Amino acid sequence: MASCGIYNHLVAFSNQPTSKPPIFIAPNPVNHIAVSPRSRLSYSLSTVVPKASSTALEAIIYQETDEIPVPKVIIDQDSDLDATVVEITFGDRLGALLDTMGALTNLGLNVVKANVHLDSSGKHTKFSITKASTGRKVEDPELLEAIRLTIISNLLEYHPESSAQLAMGEAFGIEAPKHKLDVDIATRIHVYDDGPNRSLLSVETADRPGLLVDLVKIFTDINVAVESGEFDTEGLLAKAKFHVNYRGKSLLEPLQQVLANSLRYFLRRPTTEDLSF
């Protein structure tokens, strides 16, 4: 089973306080995903000292001979009504991912390896995940974030060459990314109409631990309900698409602007003034 020491550090880091976005209150929210403001990523796993593995040794050989691909982790809530679909891509370097499946099982999940397919970008491994207690898809954003951090933790441990390609390699990997993202420039937010009953929100920003939970918390603060969506970790970037509504209807333009402004305020790079408290 995979070592989860890096995961515990990621969870601890995500629990650090961040600047609070402005809160806008509206009546009678319709919330499909509930976020508890008192508990964040409380899932704990035993800490094991990482040890050398054949995968790690292969990583050193790869690092000397190939260009390192961009790791991608996709958490898809749209394509299957009954399960959360997770897709992992790291060129052609991924092994059987048995350690990752074992670590996800320790989170109280049923994990089924659905399929593996190859294309020009490498080997794509998909899992179908349900909660062991209910047999249904994962809807709790804290647990979804725990799934994401667990997968990234295993990538950093068993494929250490991925460290320079992942935002979390800065603090938890063997090598920090060579190129740093400017959060102000990297952040892009768009809201589109997606029929009379929902809107489509697109967010792209610099990745960090706890981001998925914090995004959903902002939606909850302004009474915007999340129906479904997809959250992608692509190297240093996080790319998310959420189907959202307000009281069962699509977001009107004023509320779209409130949502976009709240997200920009929260995701912007902290200023000296913010850090002075």
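This is a walk through one predicted model, from its sheet to some of its side-chain contacts. Residues are numbered from 1 along each chain as its sequence is written, and because the model is predicted, local features need pLDDT of at least 70 and side-chain atom pairs count only at pLDDT 80 or more, while totals for chains, interfaces and linings use all residues. Side-chain values use heavy atoms, with hydrogens and water left out.

Let's begin with the sheet. Eight strands form an open sheet with antiparallel pairing, in the order β3-β4-β2-β1-β7-β8-β6-β5. Strands here are DSSP runs of E with at least two residues, helices are runs of H or I with at least four, and both are numbered from the N terminus. Two strands count as paired if DSSP finds at least two bridges between them. Which strands stand at the edges? They are β3 (109–119) and β5 (188–193); each has a single partner strand, so one side of each is left without a neighbour in the sheet. On average, neighbouring strands of this sheet are turned by 15 degrees against each other, direction ignored. For that angle, axes are lines fitted to C-alpha atoms (for helices over the stretch in contact), and angles run from 0 to 180 degrees between N-to-C directions.

Now follow some of the pairings across the sheet. As a reminder, strands of a sheet pair through backbone hydrogen bonds, either parallel or antiparallel. Strand β1 (residues 72–76) pairs with strand β2 (residues 84–89) in the antiparallel sense over five bridges, and Lys72 has Thr89 as its bridge partner in β2. β1 is also joined to β7 by five bridges, again running antiparallel. There, Ile74 has Asp232 of β7 as its bridge partner. Asp232 also stands opposite Lys239 in β8, which brings us to the next pairing: β7 (residues 225–234) and β8 (residues 237–245) are antiparallel over nine bridges.

A good place to step off the strands is Val138, in the loop between β4 (122–131) and α4 (141–158). Is Val138 buried or exposed? With a relative accessibility of 0%, Val138 counts as buried, where buried means under 20% relative accessible area, exposed means over 50%, and partly exposed lies in between (1.4 Å probe, protein chains only). Its C-alpha is 6.0 Å from that of Thr84, although the two residues are 54 apart in sequence. Counting contact as heavy atoms within 4.5 Å, and leaving aside neighbours within four places in sequence, Val138 touches Gln77, Thr84, Leu109, Ile129, Lys131, Leu143, Leu144 and Ile147.

Next come the charged side chains. Side chains of opposite charge can pair when their charged atoms come close. The rule for a salt bridge asks for a side-chain nitrogen of Lys or Arg within 4 Å of a carboxyl oxygen of Asp or Glu, and the count comes to 12 salt bridges. One of them joins Glu87 and Lys126, whose closest N and O atoms are 3.9 Å apart. This pair links distant parts of the chain, with Glu87 in strand β2 and Lys126 in strand β4, 39 residues apart. Glu87 counts as buried at 13% relative accessibility, whereas Lys126 counts as partly exposed at 27%.

Where do Glu145, Arg148 and Asp207 come in? These three are linked in a network of salt bridges. Arg148 and Glu145 meet at 2.9 Å, N to O; both lie in helix α4, three residues apart, about one turn of the helix. Arg148 also bridges to Asp207, with the closest N and O atoms 2.8 Å apart. That second pair links distant parts of the chain: Asp207 is in the loop between β6 (199–206) and α7 (211–221), 59 residues from Arg148 in helix α4. Arg148 is buried, with a relative accessible area of 0%; Glu145 is buried too, with a value of 0%. Asp207 is likewise buried.

Finally, look at the aromatic rings. Rings of Phe, Tyr and Trp (its six-membered ring) pair if their centres lie within 6.5 Å; planes under 30 degrees apart count as stacked, over 60 as edge-to-face and the rest as tilted. By this rule there is one aromatic pair. The ring centres of Phe219 and Phe242 are 5.1 Å apart and their planes are at 75 degrees, so the pair is edge-to-face. Phe219 lies in helix α7 and Phe242 in strand β8, so the pair ties together parts that are 23 residues apart in sequence. Phe219 is buried at 0% relative accessibility, and Phe242 is buried with a relative accessible area of 5%.
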